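Work through the exercises below with the sequence and the coordinates at hand. Each task is followed by a solution in steps.

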Amino acid sequence: DIGAHKGESIERFKTLFSKINIHSFEPSNTVFEKYLTKFKNDSNVFLNNIAISNKNGSREFFNYEYSNLSSFYKLNQFNALKKEIVKCKTIDKYTQNKNFNKIDLVKIDTQGNDINVLKGAQKTLKIVKVVLIELTHLDSYGNSTTFGDVENLMPNFILYDITKKVKYSQKKGFQPKKKLFCNKKILDGYLSWCNAIYINKSFFN
């Protein structure tokens with residue numbers, strides 16, 4: 001569970017699956033201490049107060065008023081409430097230390113850092129069955145993620161479904177950093193972000 005936030009996915013996965021081990025990653029110290037420590041006595045949940053990225057080390061992290069928007073990147077419309085230095089680790093390093101030989105599901109929701117997560121998971125992806133990833137199409141953080149970006153890093157996976165689509169509105173949501181079109185009105189209805197489900201091709205063998 002990469003980008004655990006308040007534990008929403010932990011709760012969901014525990015409801016969906018009767019027997020499950022969840023390895024959870026949340027970089028924000030504030031969010032981790034306030035919301036995720038409630039799972040500390042759950043023997044099936046392994047909590048990690050670190051970020052997952054493409055390199056091992058540490059990096060500046062921006063916490064925003066709406067904690068679900070907190071990120072390594074500056075958000076165009078909001079000033080960060082707090083900056084902190086967080087520890088980073090690649091998924092490959094983590095799984096190597098744990099000696100995993102299979103992973104049923106990887107969920108990635110890292111507010112613009114998704115490509116770096118995949119770059120640091122190239123070995124691990126070979127033993128993953130399903131990847132659920134949030135794709136941000138507007139450059140709210142000064143960058144965006146395309147299906148092509150993801151699929152270049154996951155050649156052994158196929159797109160299964162697109163869920164939870166959210167479209168951009170001039171009255172609601174964020175103004176893009178750069179105009180995508182000359183006519184702003186064209187942006188209304190533009191796909192802002194979505195969740196994509198990818199399945200390893202070996203699953204069909």
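**Exercise 1.** Place Lys 93 in the chain, classify its exposure, and give its C-alpha distance to Thr 124.

Step 1. Lys 93 belongs to helix H3; helices are DSSP runs of H or I with at least four residues, strands are runs of E with at least two, and both are numbered from the N terminus.
Step 2. The relative accessible area of Lys 93 is 36%, so this residue is partly exposed. The classes are buried under 20%, exposed over 50% and partly exposed in between, with a 1.4 Å probe and protein chains only.
Step 3. Between Lys 93 and Thr 124 the C-alpha distance is 9.1 Å, with 31 residues separating them in sequence.

The model is predicted: local features need pLDDT of at least 70, side-chain atom pairs count only at pLDDT 80 or more, and totals for chains, interfaces and linings use all residues. Residues are numbered from 1 along each chain as its sequence is written, and side-chain values use heavy atoms, leaving out hydrogens and water.

**Exercise 2.** What is the mean pLDDT of the chain, and over which residues does pLDDT stay under 50?

Step 1. pLDDT is the predictor's confidence in each residue, from 0 to 100. Its mean over the chain is 86, and 83% of the residues reach 70 or more.
Step 2. Residues 176–186 stay under 50. For this stretch the model has 17 contacts beyond four places in sequence, a contact being heavy atoms within 4.5 Å.

**Exercise 3.** Which residues have a positive phi without being glycine, and are they buried or exposed?

Step 1. His 5, with a phi of about 55°, sits in the segment before H1. Its relative accessible area is 14%, so His 5 is buried.
Step 2. Asn 99, with a phi of about 60°, sits in the loop between helix H3 (91–98) and strand S6 (103–108). Its relative accessible area is 66%, so Asn 99 is exposed.

**Exercise 4.** Locate the partners of three salt bridges, including the one between Asp 1 and Lys 107.

Step 1. The criterion is a side-chain nitrogen of Lys or Arg within 4 Å of a carboxyl oxygen of Asp or Glu. The structure has four such bridges.
Step 2. Asp 1 and Lys 107 meet at 2.7 Å, N to O. The bridge joins the segment before H1 to strand S6, across 106 residues, and both partners are buried.
Step 3. Lys 38 and Glu 11 meet at 4.0 Å, N to O. Lys 38 lies in the loop between H2 and S2 and Glu 11 in helix H1, 27 residues apart. Lys 38 is exposed at 53% relative accessibility, while Glu 11 is partly exposed at 37%.
Step 4. In the bridge of Lys 129 with Asp 104, the closest N and O atoms are 3.4 Å apart. Lys 129 is in strand S7 (residues 128–136) and Asp 104 in strand S6, 25 residues apart. Lys 129 is partly exposed at 34%, and Asp 104 is partly exposed at 43%.

**Exercise 5.** Where is Asp 42, and which side chain does its own side chain contact?

Step 1. Asp 42 lies in the loop between helix H2 (29–35) and strand S2 (45–48).
Step 2. The side chain of Asp 42 makes a polar contact of 2.7 Å with that of Lys 14.
Step 3. A polar atom of the Asp 42 side chain also lies 2.9 Å from the backbone nitrogen of Asn 44.
Step 4. A polar contact is a pair of N or O atoms within 3.5 Å; within protein, one must be able to donate a hydrogen and the other to accept it, and residues adjacent in sequence count only if both atoms are side-chain atoms.
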